[in-house]
Amino acid sequence: MEIDKAIRESDDRRLKTKYENAIYVIQRALALYSIEEVAFSFNGGKDSTVLLHLLRAGYFLFKGEQSCSEEGLNEFPIRTIYFESPSAFPEINSFTYDTASTYGLQMDIIRLDFKSGLEALLKSKPIRAIFLGVRIGDPTAVGQEQFSPSSPGWPPFMRVNPILDWSYRDVWAFLLKCKVQYCSLYDHGYTSIGSTYDTTPNALLSNDNSSSGRETFRPAYLLSDGRLERAGRAKRISPVCESSAVSNGPDNVGSHKNSMLTASAIAVGDEILFGTFGDQLGPTLCRKLHSIGWSVLQTSVVRNEVDSVAEEVERQKSVNDMVFIYGGVGPLHSDVTLAGVAKAFGVRLAPDEEFEEYLRHLIGDQCTGDRNEMAQLPEGITELLHHEKLPVPLIKCQNVIILTATNVTELDEQWECLNQLSRSSSLLAMLEPYVSKYLTTQLSDVETAHPLAKLCLEFPDLYIGCYRKSRYGSLMISFKGKDQVRIQSAMEALFRKFHPGAFSEANQ
């Protein structure tokens, strides 16, 4: 079979893996359902063209070469559904009908909307599963798996998504390697095709040749950044009232200047809990947060277990403006932080093409393979925080920021990048920083306990704490707040409660 042969002879290890996984899904579906119970939704676009040829190869391999003669390869027994629309490009219609003729597709042409057309088709045919060319990143892909029952309110059928984890790069690698025909619009700058009303060539592929008098475009497969695949689609603009409830993190930086924002820090690491080494990042992160006026409500350490991470993130994200989590990020079996964050938000991990490109530039093709775990990010809630000094972007999931620092030096670098990003966005509101003063005394705990308790009531806007560095050492009293005048007033009020010279100012 020519498709299978082309992929087997390819030296593209990633493409081979994607192909094998897709063929497995197809063969699994053909084992679960009879040929009369499956259908294929074809729309003439690049994704469904890929799926067509995967289905041809999958059916051939499923039946076995002995029972499939070369002469029978042009016969494609899987029912094909085509939703014909008056707003479709003529090139799409022509390509669809030419393809149907070439491969002997049994076409059911439907001239209704998708839902009504499916309802009518499923009433007249024994279809139980439909192959779809849906990929992660498509508007309809969120929450879908390779096998996903139809949504509530829709006619019941199984959605089968063999190329769900394929990227833009994977699609074009397949089409070009297998040398199959695709719609001619893709050779003229179209990278994602909808209707004639909302689709134009991708401006990023413009040839910038003003001397010709007519704008021309390079082919779609030359688009270097797959994230911009839909740049030629018109966006529907609707008024949205922005608030912290719907934004991906705190906004309205100016309005927060004199308010209080809270954060928590979560360390993921069995080694910390075993006492193998101490957590240096937590205290450093707390100091940095205080320096921009944020209050840290809690720091915690959890085990390298998905459920442990998920439970702590779920608890902290609901009571804090921002949660910082570090440790447990990478390709090892103990690196479960991303999976835990995804579970806390009730989403799955899904391939992120943009993040994978960064990893590829950083560590080469070692990051590709059967399942690139390092490029699997929480689906639908992930924002990548880019900075020129970061080799890979930081990951933000709503109000949770995942730090990849492993030591204080790396944390310093990442924090400085976050600070710079915050100056031009609403990432982290910059508040009045906390200031601190310290007193030391030789008085006993018993002597100071009651006066300090009264002082806390007199100055509820300040944090007044006490500690000793050793059992018989001096008692340290700390005053923290955002108003230096108030701190000075609290210190003087304490002085008046004791004899002169009972306290002296100290450094931390």
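## A residue in strand S15

Is Thr 440 buried or exposed? Thr 440 counts as buried, because its relative accessibility is 16% and the cut-off for buried is under 20%. This comes from a predicted model.

Thr 440 sits in strand S15, which covers residues 435-441. Leaving aside residues up to four places away in sequence, Thr 440 touches Ser 474, Leu 475 and Met 476. Thr 440 also touches Ala 502, Phe 503, Ser 504 and Ala 506.

## Helix H8 and its neighbours

Helix H8 spans residues 281-291. Its buried residues are Leu 281, Gly 282, Thr 284, Leu 285, Cys 286, Lys 288 and Leu 289. They pack against strands S7, S8 (294-302), S9 (322-326) and S14 (400-403), and against helix H12.

After H8 comes Gly 293. The phi of Gly 293 is positive, near 85°.

## The second largest pocket

The second largest pocket has a volume of about 1100 Å³. It is lined by 48 residues. The closest to its centre are Gly 328, Val 329, Gly 330, Thr 404 and Thr 406.

Several elements give two or more residues to this lining. Among them are S7, helix H7 (270-274) and helix H10 (337-345). Helix H11 (353-363), strand S13 (394-397) and helix H12 (408-423) do so too.

## A nonpolar patch

Which residues make a nonpolar surface patch of about 250 Å²? They are Leu 176, Tyr 221 and Leu 222.

Leu 222 lies in the loop between helix H6 (168-178) and strand S7 (261-268). Leu 222 is partly exposed, because its relative accessible area is 44%, which falls between the 20% and 50% limits.

Methods:
Residues numbered from 1 in each chain as written. Predicted model: local features only at pLDDT ≥ 70, side-chain atom pairs only at ≥ 80, totals over all residues. Heavy atoms only, no water. Helix = DSSP H or I, 4+ residues; strand = E, 2+ residues; numbered from the N terminus. Buried < 20%, exposed > 50% of the residue type's maximum accessible area, 1.4 Å probe, protein only. Contact = heavy atoms within 4.5 Å. Patch = residues over 30% accessible without salt bridge, like charges linked within 9 Å, V, L, I, M, F, W, Y side chains within 5 Å. Areas by Shrake-Rupley, 256 points an atom, 1.4 Å probe, with all protein chains shown as cover. Salt bridge = Lys/Arg side-chain N within 4 Å of Asp/Glu carboxyl O. 1 Å grid on protein atoms, 1.4 Å probe; cavity = no way out; pocket = protein on both sides within 12 Å on 5 of 7 lines; lining within 4 Å. Points joined across faces, edges and corners; volume = space filled by probe spheres on them.
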